[in-house]
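Student: I'd like a close look at how the aromatic rings pair up here, and at what goes on around them. Take your time, and keep the cut-offs handy.

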Amino acid sequence: MLNLVLFGPPGAGKGTQSNLLIKKYKLVHLSTGDILRGEIAAGTSLGLEAKSLMDRGDLVPDEVVIGMISSKLDKNVNANGFIFDGFPRTTEQAKALDILLKEKGTYISSMISLKVSDNELIKRLLERGIESGREDDKNEEIIANRINEYNNKTAPLKQFYSAQNKLSEVEGIGSITEIAERINTVIETI
Ligand code: AMP
């Protein structure tokens, strides 16, 4: 199985690159942000609970997203592999993911971390906010909070995967195709 963590701050291009990778390597895309937005759209109690946190740019509780990932893994027993996009975001989540995958007889193959400067992230997210209407992409204060959450709680995960010799950093500036080629080069070496 090829199990990738596509990593990076909000606006780094994880969703865009995931969409290319799932086609090329026939993987299942698991984006906790997309799953949560689906819950909000469906008006579930989980969605209701998550919405106010997401609108502020705060992380939702670990147990909520870990439960969501666990049930998606159970539903995709025959997958070639998974792309984890926006998950894990805390050490607690990364540890839980290792355990869940181990129970299924598999493991994370690699973490690919996209590197993009804060100025570029803010520019991209504000543009995306205009196109998508996403509440958390609409103003700079919320975006700053999301970047802050990333720096404080999520970026330390690079150390977690680097300690397992699984971290590859990829320059996230350039055309979509250029970045995809850089990612493919990393995957070819796994
Ligand atoms: P994203 O689409 O990945 O940028 O996620 C949008 C929002 O959903 C985040 O700002 C968080 O509020 C929430 N979220 C998504 N994934 C996670 C996660 N793994 N842990 C905690 N909160 C998450």
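Tutor: First, the burial scale: buried means under 20% relative accessible area, exposed over 50%, partly exposed in between (1.4 Å probe, protein chains only). This is a predicted model, where local features need pLDDT of at least 70 and side-chain atom pairs pLDDT 80 or more, while totals for chains, interfaces and linings use all residues. Residues are numbered from 1 along each chain, and side-chain values use heavy atoms, with hydrogens and water left out.

Let's try the scale on the exposed end before we go to the rings. N165 counts as exposed, because its relative accessibility is 74%. You'll find N165 in the loop between α8 (157-162) and β5 (167-171) (helices are DSSP runs of H or I with at least four residues, strands runs of E with at least two, numbered from the N terminus). Check its backbone too: phi of N165 is near 60°, a positive value in a residue other than glycine. K26 is another case to look at, since it has a positive phi of about 55° and isn't a glycine either. K26 belongs to the loop between α1 (14-25) and β2 (28-31), and with a relative accessible area of 58% it is exposed. For an exposed residue in a helix, take L48, which lies in α3 (residues 45-56) and has 67% relative accessibility. If you want a feel for the distances, the C-alpha atoms of L48 and I183 are separated by 36 Å, with these positions 135 residues apart along the chain.

Now the rings. Phe, Tyr and Trp rings (for Trp the six-membered one) pair if their centres lie within 6.5 Å; planes under 30 degrees apart are stacked, over 60 edge-to-face, the rest tilted. That rule gives four aromatic pairs in this model. Take F7 and Y150: their centres are 5.7 Å apart and the planes make an angle of 45°, which puts the pair in the tilted class. F7 sits in strand β1 (residues 2-7) and Y150 in helix α7 (residues 140-154), so this contact ties together parts that are 143 residues apart in sequence. Are the two partners buried or exposed? F7 is buried, at 2% relative accessible area, and Y150 is buried as well, at 9%.

F160 and Y161 make an edge-to-face pair, with 5.1 Å centre to centre and 70° between the planes. Both partners are under cover: Y161 comes out buried at 0%, and F160 is buried at 18%. Then there's a cluster, in which ring pairs link F82, F84 and F87.

Follow the chain on from F87 and you meet something for your backbone checks. The peptide bond from F87 to P88 is cis, with omega near -5°. P88 itself is in the loop between β3 (81-85) and α5 (91-103), and it is buried because its relative accessibility is 2%. Its C-alpha atom is 9.7 Å from that of I69, a residue 19 positions away along the chain.

That stretch also brings us to the ligand. There are 16 residues around the ligand (a residue is near it if a heavy atom lies within 4 Å), and T32, R37, D58, G86 and R89 come nearest. Helix α2 (residues 32-42) gives the most to this shell, four residues. Start with the side chain of T32, where an N or O atom is 2.8 Å from a nitrogen atom of the ligand. That distance qualifies as a polar contact (N or O atoms within 3.5 Å; within protein, one able to donate a hydrogen and the other to accept it, and sequence neighbours only if both atoms are side-chain atoms). R37 uses a polar side-chain atom, 2.9 Å from an oxygen atom of the ligand. With G86 it is a polar backbone atom, and the distance to a ligand nitrogen is 2.9 Å. The ligand alone exposes 480 Å², and the protein buries 96% of that (Shrake-Rupley, 1.4 Å probe; for residues, only the protein chains shown count as cover).

One last link takes us back to the helix that holds Y150. T154 also lies in helix α7, and it is buried at 3% relative accessible area. Its side chain reaches the backbone oxygen of R89 at 2.7 Å, and R89 is among the residues that come nearest to the ligand.
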